[in-house]
Amino acid sequence: QVQLVESGGGLVQAGGSLRLSCVASGRTFSSYRVGWFRQAPGKERAFVAGIMLSGGTIYYADSVKGRFTISRDNAKNTVYLQMNSLKPEDTAVYYCAADRNDYGPYLFWGQGTQVTVSS
């Protein structure tokens, strides 16, 4: 069992940057695949970025490649999402997620943090 708490959301102008953090409880965080998702108003939750356990392979949604960077610090039980060159269409609630398996749906989810990008 792991609990996830996101922070770092807020209001930013287009072109600006934000860094989201997600702190996990538990002492085996390094054994979890982690990812970030987002849900915009009226839309389904969508994958943003993830780090697999196997080899630490990192994946990004095409819409954020080159602008967002996911990273993790296992010593701090924290996963980050650095978001640069933000666009109004990045406005959403951002969620972090974790799972002990490299494939299949994520089992553990945070409560989300709001990111609003003004034009």
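How far apart are the mean positions of the positive and negative charges of the protein? In this predicted model, the two mean positions are 4 Å apart, taken over 12 positive and 8 negative charges.

**The whole chain.** Begin with the entire protein in a cartoon view. The protein has 11 strands and 0 helices, so every element met on the way from the N terminus is a β-strand. Next, display the C-alpha trace alone and turn the model: along its principal axes, the trace spans about 40 × 25 × 25 Å. The radius of gyration is 13 Å, which agrees with the value near 14 Å that a compact globule of 119 residues would have.

**Surface and interior.** Now switch on the surface. The accessible surface comes to about 6,300 Å², and carbon and sulfur atoms hold 49% of that area. Beneath it, 44% of the 119 residues count as buried. Among contacts with a separation of 6 or more, 56% are between residues 24 or more positions apart.

**A stop at Asp90.** Select residues 78–83, which form strand E8, and 92–99, which form strand E9; Asp90 lies in the loop between these strands. Is Asp90 buried or exposed? Asp90 has a relative accessible area of 1%, and it counts as buried because this value is under 20%.

Then show the side chains of Asp90 and Arg38, which are joined by a polar contact of 2.9 Å. To complete the view, add the other residues that Asp90 touches beyond four places away in sequence: besides Arg38, these are Arg67, Phe68, Ser85, Val115 and Val117.

Methods
Residues are numbered from 1 along each chain as its sequence is written. This is a predicted model: local features need pLDDT of at least 70, side-chain atom pairs count only at pLDDT 80 or more; totals for chains, interfaces and linings use all residues. Side-chain values use heavy atoms; hydrogens and water are left out. Helices (H or I, at least four residues) and strands (E, at least two) are DSSP runs, numbered from the N terminus. The radius of gyration is taken over C-alpha atoms; the globule rule is 2.2 Å times the number of residues to the power 0.38. Buried means under 20% relative accessible area, exposed over 50%, partly exposed in between (1.4 Å probe, protein chains only). Contact means heavy atoms within 4.5 Å. Accessible areas come from the Shrake-Rupley method with a 1.4 Å probe; for residues, only the protein chains shown count as cover. Lys and Arg count as positive and Asp and Glu as negative; His and the chain ends are not counted. The place of a charge is taken as NZ of Lys, CZ of Arg, CG of Asp or CD of Glu. A polar contact is a pair of N or O atoms within 3.5 Å; within protein, one must be able to donate a hydrogen and the other to accept it, and residues adjacent in sequence count only if both atoms are side-chain atoms.
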